[in-house]
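Thank you all for coming; I would like to walk through one structure with you this morning, and I will take it a piece at a time. Please have a look at it first, and then we will begin with how its helices pack.

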Amino acid sequence: MIYTVTFNPAIDYIVNVNDFKTGEVNRVNSDIKYPGGKGINVSRVLNNFGVDTKALGFIGGFTGEFIKNYIEDEGVKTDFIKVEEDTRINVKLKSNEETEINGYGPTITEENLNSLFDKIKKLSNEDILVLAGNAQKSVPRDIYAQIQNICIENNVKVVVDTTGEALLNTLKNKPFLIKPNIHELIEVLNVNIDNIDETIHYAKKLVNMGAQNVIISMAGDGALLICDEGVYKATTPNGEVKNSVGAGDSLIAGFLASYYEEKDILKAFKLSVATGSATAFSLDLCIKKYALSLLNQVDIKKIS
């Protein structure tokens, strides 16, 4: 099974307002609520692909119950740990400009963490664990590395999708896959990148630091895969971008959906780009049929 961990999930409350004005009463034209959180997004897309997945993490209050019920109704298995405070709400205001107000998130106690550790200790070498998103300030900055140490004992493959110091802390434990975008690559290594050659150079540094496979997403410029077989570049399908939320999470889900079945890195890379693009071209997370329809537009070329 593919497990995902989301430390700080959210309800994404998307509000559309014509000509929003501060300091005045504004009327909503339309609104919608989605379960949010990078790991939850990965599980939802995996479920859309018919892949067995279970969402782990921390939820609290009526907002946490909304998330649990929503994704279970879709067919995603869950094994969340309940915390005292409410799961956060992120408000995404769409008007003349887009504005986001992200909630803080509940406190995670040592007891809560130990409950998560106990669940992860039960995973086997046939499982994959996805650690996605940023954890609250109430947990240690190296929490993902701590979880990796548990997984090493049972040979569980770990995928890491986070940023900054949290990502750097995981590299020594040789994550199976990491997926920084170009901006996150610049941030994590504190460098300037002006062209694709420099992108490849710094992506290889992450491999030298321990990552087994690195995908660098570059939006409309495609994506790079750096792995044992070499460096590969993928083109991006054509389409109208309607939604940037969840595209990177969908990329990971597409990769794992393919790799879990076929154990072929290049096939997984190709599907990952199609799946990420399918979500970018959709209003919500993509469905399998749409992602597969974009596959023939993704060209993979070995560049070194």
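Helix H1 passes helix H2 in a left-handed crossing, where left-handed means that the near helix is turned anticlockwise from the far one by less than a right angle, and right-handed that it is turned clockwise. The contact is made by Ile 40, Arg 44 and Asn 47 of H1 together with Ile 67, Tyr 70, Ile 71 and Glu 74 of H2, contact meaning heavy atoms within 4.5 Å. These residues divide into four nonpolar, one polar and two charged, on a scheme in which Ala, Val, Leu, Ile, Met, Phe, Trp, Tyr, Cys and Pro count as nonpolar, Asp, Glu, Lys and Arg as charged, and the others, Gly among them, as polar.

Before going further, I should say that this is a predicted model, in which local features need pLDDT of at least 70 and side-chain atom pairs count only at pLDDT 80 or more, while totals for chains, interfaces and linings use all residues. Residues are numbered from 1 along each chain as its sequence is written, and side-chain values use heavy atoms, with hydrogens and water left out. Helices (H or I, at least four residues) and strands (E, at least two) are DSSP runs, numbered from the N terminus.

Two packed helices are described by the angle between their axes and the distance between the axes. For H1, residues 38-48, and H2, residues 61-74, the angle is about 20° and the axes are 10 Å apart, which makes H1 roughly parallel to H2. The axes here are lines fitted to C-alpha atoms, for helices over the stretch in contact, with angles running from 0 to 180 degrees between N-to-C directions; angles under 35 degrees count as roughly parallel, over 145 as roughly antiparallel, 65 to 115 as roughly perpendicular and the rest as oblique.

How many of the eleven residues of H1 are buried? Nine of them are, so H1 is largely enclosed by the rest of the structure, and buried here means under 20% relative accessible area, with exposed over 50% and partly exposed in between (1.4 Å probe, protein chains only). Among the buried residues of H1 are Ile 40, Arg 44 and Asn 47, and each of these three also takes part in the contact with H2. Just after H1, Gly 50 takes a positive phi of about 80°.

Ile 40 also brings us to Gly 57, since the two are 17 residues apart in sequence and 9.0 Å apart in space, C-alpha to C-alpha. Gly 57 lies in strand E4, residues 53-59, and counts as buried, at 0% relative accessibility. Leaving aside neighbours within four places in sequence, Gly 57 is in contact with Thr 6, Phe 80 and Ile 81.

A second helix pair is H3, residues 110-120, with H4, residues 143-153, whose axes come within 10 Å and cross at roughly 30°, and this crossing is right-handed. H3 contributes Leu 113, Leu 116, Phe 117 and Ile 120 to the contact, and H4 contributes Ile 143, Gln 146, Ile 147, Ile 150 and Cys 151; of these residues eight are nonpolar, one is polar and none is charged.

Also in H4 is Gln 148, which is buried at 2% relative accessibility. Not counting residues up to four places away in sequence, Gln 148 touches Val 158, Val 160, Asn 169, Thr 170, Asn 173 and Pro 175.

Val 160 is touched by Leu 167 too, along with Thr 162, Ile 178 and Val 188, again setting aside residues up to four places away. Leu 167 lies in helix H5 and is buried, with a relative accessible area of 2%.

In the loop between H5 and strand E11 sits Lys 174, a residue other than glycine whose phi is nevertheless positive, near 55°, and Lys 174 is exposed, with a relative accessible area of 52%.

Finally, the structure holds six aromatic pairs, counted where rings of Phe, Tyr and Trp (its six-membered ring) have centres within 6.5 Å, with planes under 30 degrees apart called stacked, over 60 edge-to-face and the rest tilted. Phe 176 and Tyr 259 form a tilted pair, 4.9 Å centre to centre with 50° between the planes. Phe 176 lies in the loop between H5 and E11 and Tyr 259 in helix H8, so the pair ties together parts that are 83 residues apart in sequence.
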